[in-house]
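Dear colleague,

Please find the structure below, handed over for your consideration. A short account of what was found in it comes after.

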Amino acid sequence: MTPDPSRKARLARFIEQVWDQGDEEAVDLHVADAYVVRHDPGDPWEGQTLDRAGFKDRLRKSRAAFPDQAFDIQALFEDGDAVVMTWLWSATHLGDLPGFPATGATIRMSGATVYAFDADDRLTGHWQITDRLGVYQQLLAGGREHGNS
């Protein structure tokens with residue numbers, strides 16, 4: 001199948017609407033009936049297949065501690081039915097995480113994600129690598145700076 005030239009634009013809209021803005025209704029526009037978190041070490045949903053309601057729940061829980069999160073897309077590459085996105089992410093730690101009370105610290109992370117599309121150009125899942133150790137270290141430092149040792 002030849003990649004749809006609009007897939008990179010669709011993915012950029014998905015990232016902006018869903019992950020940056022937290023628009024749950026946009027999930028219905030972008031996500032297929034089944035979404036598989038194929039590889040995402042450290043993500044509680046790794047290996048799971050989510051329906052749209054499950055994806056919305058993941059969105060809410062993922063954004064709870066970082067409601068102002070924003071992805072800065074560095075590059076998008078198409079390959080078959082997939083689009084690879086490299087990205088920088090930043091957010092303010094405004095909500096509690098297990099073991100990490102909110103600090104107000106800015107957290108930064110980088111990564112690369114391969115998003116798969118179906119024939120209707122809806123997202124069917126992802127395979128991701130990211131710097132979770134760096135996030136952990138920043139959360140530890142933010143806690144120390146705010147008296148949460």
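The following paragraphs describe the overall fold and then the aromatic pairs.

Please note that this is a predicted model. The chain contains 4 helices and 6 strands, and from the N terminus its elements are ordered α-α-β-β-α-β-β-β-β-α. Its radius of gyration is 16 Å, which agrees with the value near 15 Å for a compact globule of 149 residues. Along the principal axes, the C-alpha atoms fill a box of roughly 55 × 30 × 25 Å. Of the 149 residues, 39% count as buried. Of the contacts between residues at least 6 apart in sequence, 57% join residues at least 24 apart.

A search of the whole structure gave 7 aromatic pairs. One of them is edge-to-face, because the rings of Phe-14 and Tyr-115 have centres 6.0 Å apart and planes at 75°. Phe-14 belongs to helix α1 (residues 7-20) and Tyr-115 to strand β5 (residues 106-117), so this pair ties together parts 101 residues apart in sequence. Phe-14 counts as buried at 0% relative accessibility, and Tyr-115 counts as buried at 5%.

The rings of Trp-19 and Phe-55 also form an edge-to-face pair, with centres 5.9 Å apart and planes at 65°. Since Trp-19 lies in helix α1 and Phe-55 in helix α3 (residues 52-64), the pair ties together parts 36 residues apart in sequence. Both Trp-19 and Phe-55 are buried. Ring pairs link these four residues and Tyr-35 into a cluster.

Yours sincerely

Conventions
Residues are numbered from 1 along each chain as its sequence is written. This is a predicted model: local features need pLDDT of at least 70, side-chain atom pairs count only at pLDDT 80 or more; totals for chains, interfaces and linings use all residues. Side-chain values use heavy atoms; hydrogens and water are left out. Rings of Phe, Tyr and Trp (its six-membered ring) pair if their centres lie within 6.5 Å; planes under 30 degrees apart count as stacked, over 60 as edge-to-face and the rest as tilted. Helices (H or I, at least four residues) and strands (E, at least two) are DSSP runs, numbered from the N terminus. Buried means under 20% relative accessible area, exposed over 50%, partly exposed in between (1.4 Å probe, protein chains only). The radius of gyration is taken over C-alpha atoms; the globule rule is 2.2 Å times the number of residues to the power 0.38. Contact means heavy atoms within 4.5 Å.
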